[in-house]
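Hi,

Here is the structure I promised to pass on. Have a look at it first, and then read my notes below.

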Amino acid sequence: MEVNIEYNGVKLVVIYSYTEGEDREWDYPGSAPEVELEAIFPEDSETDILDIFTWNQQTELQDEIIELKRRY
């Protein structure tokens with residue numbers, strides 16, 4: 001999947017995979033949705049910059065993508 005996100009004033013194209021969360025049941029606590037980042041490109045660039053993002057920055061992007069998926 002692909003999404004355009006502005007992060008710290010920079011427009012990015014993020015390539016990711018998404019796994020839907022599972023509902024809670026009486027004998028199962030459920031699971032949260034998950035996003036795995038595959039590549040991050042500055043807009044209008046073919047250079048993958050995923051490796052220069054810290055773990056915390058990647059987590060922020062993952063959380064933002066999950067929030068976008070919940071809205072739509």
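**What I found**

Let's start with one residue, Leu50. Setting aside the neighbours within four places in sequence, Leu50 is in contact with Leu37, Glu38, Ala39, Ile40 and Gln58. Before we go on, keep in mind that this is a predicted model.

Where does Leu50 lie? You'll find Leu50 in the loop between β3 and α1. Is Leu50 buried or exposed? Its relative accessible area is 11%, and buried means under 20%, so Leu50 is buried. If you want a distance to check on screen, try Leu50 and Ser17: their C-alpha atoms are separated by 14 Å, and the two residues are 33 residues apart along the chain.

**The sheet**

Now for the strands. Three of them make an open sheet, in the order β1-β2-β3, with antiparallel pairing. Why do β1 and β3 each have one side without a neighbour in the sheet? β1 (2–7) and β3 (34–42) stand at the edges and each has a single partner strand, so one side is left free of a neighbour in the sheet. On average, neighbouring strands here are turned by 35° against each other, direction ignored.

Take the pairings one by one. β1 runs antiparallel to β2 (residues 10–19), and six bridges join the two. You can see this residue by residue: Val3 stands opposite Val14 in β2, and Asn4 stands opposite Val13 in β2. These two strands form a hairpin with two residues between them, and Asn8 in the turn has a positive phi of about 50°.

On the other side, β2 and β3 also run antiparallel, joined by eight bridges. Look for Tyr16 here, whose bridge partner in β3 is Leu37. Leu37 is also one of the contacts of Leu50.

Then there's the helix. α1 (residues 55–71) lies across β1, β2 and β3, and runs at about 120° to β1.

**Rings**

How many aromatic pairs does a search of the whole structure find? It finds one. The pair is Tyr7 with Phe53, and it is tilted: the centres are 6.0 Å apart and the planes are at 45°. Tyr7 belongs to strand β1, while Phe53 sits in the loop between β3 and α1, so the pair ties together parts that are 46 residues apart in sequence. Both residues count as buried, Tyr7 at 10% relative accessibility and Phe53 with a relative accessible area of 11%.

One more ring to look at is Tyr18: Lys69 lies over its face, at 4.8 Å from the ring centre.

**Charges**

Side chains of opposite charge can pair when their charged atoms come close. A search of the whole structure finds one salt bridge. It is formed by the side chains of Arg71 and Glu67, at 3.8 Å from N to O. Both residues lie in helix α1, four residues apart, which is about one turn of the helix.

Are the two residues buried or exposed? Arg71 is exposed, with a relative accessible area of 55%, whereas Glu67 counts as partly exposed at 35%.

That's it from me. Have fun turning it around on screen!

Cheers

How values were computed. Residues are numbered from 1 along each chain as its sequence is written. This is a predicted model: local features need pLDDT of at least 70, side-chain atom pairs count only at pLDDT 80 or more; totals for chains, interfaces and linings use all residues. Side-chain values use heavy atoms; hydrogens and water are left out. Two strands pair if DSSP finds at least two bridges between them. Axes are lines fitted to C-alpha atoms, for helices over the stretch in contact, and angles run from 0 to 180 degrees between N-to-C directions. Contact means heavy atoms within 4.5 Å. Rings of Phe, Tyr and Trp (its six-membered ring) pair if their centres lie within 6.5 Å; planes under 30 degrees apart count as stacked, over 60 as edge-to-face and the rest as tilted. Buried means under 20% relative accessible area, exposed over 50%, partly exposed in between (1.4 Å probe, protein chains only). A charge sits over a ring if NZ of Lys or CZ of Arg is within 6 Å of the ring centre and within 35 degrees of the ring normal. A salt bridge is a side-chain nitrogen of Lys or Arg within 4 Å of a carboxyl oxygen of Asp or Glu.
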